Amino acid sequence: MKKIIALTLVAAALAVSACNTISGVGRDVQAAGNAVTSGAEQAKN
């Protein structure tokens with residue numbers, strides 16, 4: 001029973017850290033998209 005609880009806690013910790021990582025990647029992609037959009041606007045003018 002203790003092993004199951006320990007494995008559940010480890011799995012929960014990994015899931016939470018994965019969400020933070022994915023969120024960080026999303027912000028990085030968004031920043032890159034904003035840079036491309038800004039560059040395209042400047043090139044158009």
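**A surface patch and local contacts in a single-helix chain**

In this predicted model, the side chains of M1, I4, I5 and L9 make up a nonpolar surface patch, and their accessible area together comes to about 490 Å². M1 belongs to the segment that precedes α1, a helix covering 2–44. M1 has a relative accessible area of 76% and is therefore classed as exposed, the threshold for that class being over 50%.

The overall fold can be stated briefly. The protein chain contains 1 helix and 0 strands. Its C-alpha trace extends about 65 × 5 × 5 Å along the principal axes. Of the 45 residues in the protein chain, 2% are counted as buried, a class that requires under 20% relative accessible area. About 4,000 Å² of the protein chain is exposed, and 69% of this area is supplied by carbon and sulfur atoms.

I4, one of the patch residues, also takes part in a contact with T8. The backbone oxygen of I4 is 2.7 Å from a polar atom in the T8 side chain. This distance falls under the polar-contact cut-off, because such a contact is a pair of N or O atoms within 3.5 Å. T8 is located in helix α1. With a relative accessible area of 49%, T8 is partly exposed. The value for T8 is not over 50%, so T8 does not enter the exposed class.

The count of salt bridges in the model is 1. The partners are K44 and E41, whose closest N and O atoms are 3.6 Å apart. The pair qualifies because the side-chain nitrogen of Lys must lie within 4 Å of a carboxyl oxygen of Glu. Both K44 and E41 are in helix α1, where a separation of 3 residues corresponds to about one turn of the helix. The two residues fall into separate accessibility classes: K44 is exposed, at 62% relative accessibility, whereas E41 is partly exposed, at 39%.

Two further residues of the helix were examined for accessibility and for spacing along the chain. V25 lies in helix α1 and is partly exposed, with a relative accessibility of 47%. Between V25 and L14, which are 11 residues apart along the chain, the C-alpha separation is 16 Å. G39 is likewise placed in helix α1; its relative accessible area is 33%, and G39 is accordingly partly exposed. From G39 to A13 the C-alpha to C-alpha distance is 39 Å, across 26 residues in sequence.

Taken together, the listed helix residues T8, V25, G39 and E41 are partly exposed, while K44 and the pre-helix residue M1 are exposed.

How values were computed:
Residues numbered from 1 in each chain as written. Predicted model: local features only at pLDDT ≥ 70, side-chain atom pairs only at ≥ 80, totals over all residues. Heavy atoms only, no water. Patch = residues over 30% accessible without salt bridge, like charges linked within 9 Å, V, L, I, M, F, W, Y side chains within 5 Å. Areas by Shrake-Rupley, 256 points an atom, 1.4 Å probe, with all protein chains shown as cover. Helix = DSSP H or I, 4+ residues; strand = E, 2+ residues; numbered from the N terminus. Buried < 20%, exposed > 50% of the residue type's maximum accessible area, 1.4 Å probe, protein only. Polar contact = N/O pair within 3.5 Å; in protein donor to acceptor, adjacent residues only side chain to side chain.
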